[in-house]
Amino acid sequence: MSPLSLVIRPEHPDDGPAIERLHARAFGPGRFARTAYRLREGVTHRAELSFTALVGTFLVGSVRVGPARAGEAPILVLGPLTVDPSFGNRGVGAALMEASLGAAREAGHGLVILVGDAPYYRRFGFAPVPPGRLVLPGPVDPARFLWLELAEGTCERTQGPVSGR
């Protein structure tokens, strides 16, 4: 397989419709009932931490990061990370993750949470949230509830119910 001419760039305001079509193809209509989507409901993602992947003019991937709170502490919620199924296993998701997490570190954020596949996200440093530390606003498989400390000591200080801002 030939290498992709992949361009990772910050999400543009006019990318919204293409991103929504990508989410529909990748996750289907059931995505709206998931706890992770409910957490993001009514919360605008952070444009400076959200990125898209393009091959030519075709949008093949997206990662969004939004604000949340754990108790009184500000945190970030990563997701969804979406790659067009026809471009899977080509490094698109990893490139998006690196761009987004790098931007969050550079901006001085302390903690990112997500609900996702632990074996995939482990390579970026994510680990399961210890039981009882953070509580999402709905059911979630504890093995899929993950966090990544971006600033030392943030995990130790962060606990409580998680809510969108």
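This passage describes the fold, strand pairing, aromatic contacts and selected residues of a predicted model.

The protein chain contains five helices and nine strands. Read from the N terminus, its elements follow the order β-α-α-β-β-β-α-β-α-β-β-β-α-β. Of its 165 residues, 46% count as buried. Among contacts in the protein chain with a separation of 6 or more, 68% are made by residues 24 or more positions apart. The accessible surface comes to about 8,400 Å², and carbon and sulfur atoms contribute 56% of this area.

Strand 8, spanning residues 145-149, pairs with two other strands described here. With strand 5 (residues 111-115), the pairing is antiparallel and extends over five bridges. Strand 6 (residues 127-128) also runs antiparallel to strand 8, to which it is joined by two bridges. Tryptophan 147 takes part in both pairings: it is the bridge partner of isoleucine 113, and it stands opposite alanine 127. Strand 8 is mostly covered, with four of its five residues buried. In general, the side chains of a regular strand alternate between the two faces of the sheet.

The loop that follows strand 8 and leads to helix 5 (154-157) holds glutamate 152. This residue has a relative accessible area of 79%, above the 50% cut-off, and is therefore classed as exposed. Glutamate 152 lies 7.6 Å from glycine 110, C-alpha to C-alpha, although the two are 42 residues apart in sequence.

A contrasting environment is found at serine 62, a residue of strand 3 (residues 58-70). Its relative accessibility is 0%, and because buried residues are those under 20%, serine 62 falls in that class. Leaving aside residues up to four places away in sequence, serine 62 touches Glu11, Ile19, Leu22, His23, Phe51, Thr52, Pro80, Leu81, Thr82 and Leu96. One of these contacts, Pro80, is located in strand 4 (residues 73-83). The peptide bond between glycine 79 and proline 80 is cis, with omega about 0°.

Beyond strand 4, the loop leading to helix 3 (92-106) includes asparagine 89. The phi angle of asparagine 89 is near 60°, a positive value in a residue other than glycine. With a relative accessible area of 86%, asparagine 89 exceeds the 50% limit and so counts as exposed.

Aromatic pairing was examined across the whole structure, and four pairs were found. In one of them, the ring centres of tyrosine 121 and phenylalanine 126 are 5.9 Å apart and the ring planes meet at 75°; because this angle is over 60 degrees, the pair is classed as edge-to-face. Both tyrosine 121 and phenylalanine 126 are buried. These two residues belong to one aromatic cluster, formed by Tyr120, Tyr121, Phe124 and Phe126.

Key: Residues are numbered from 1 along each chain as its sequence is written. This is a predicted model: local features need pLDDT of at least 70, side-chain atom pairs count only at pLDDT 80 or more; totals for chains, interfaces and linings use all residues. Side-chain values use heavy atoms; hydrogens and water are left out. Buried means under 20% relative accessible area, exposed over 50%, partly exposed in between (1.4 Å probe, protein chains only). Contact means heavy atoms within 4.5 Å. Rings of Phe, Tyr and Trp (its six-membered ring) pair if their centres lie within 6.5 Å; planes under 30 degrees apart count as stacked, over 60 as edge-to-face and the rest as tilted. Accessible areas come from the Shrake-Rupley method with a 1.4 Å probe; for residues, only the protein chains shown count as cover. Two strands pair if DSSP finds at least two bridges between them.
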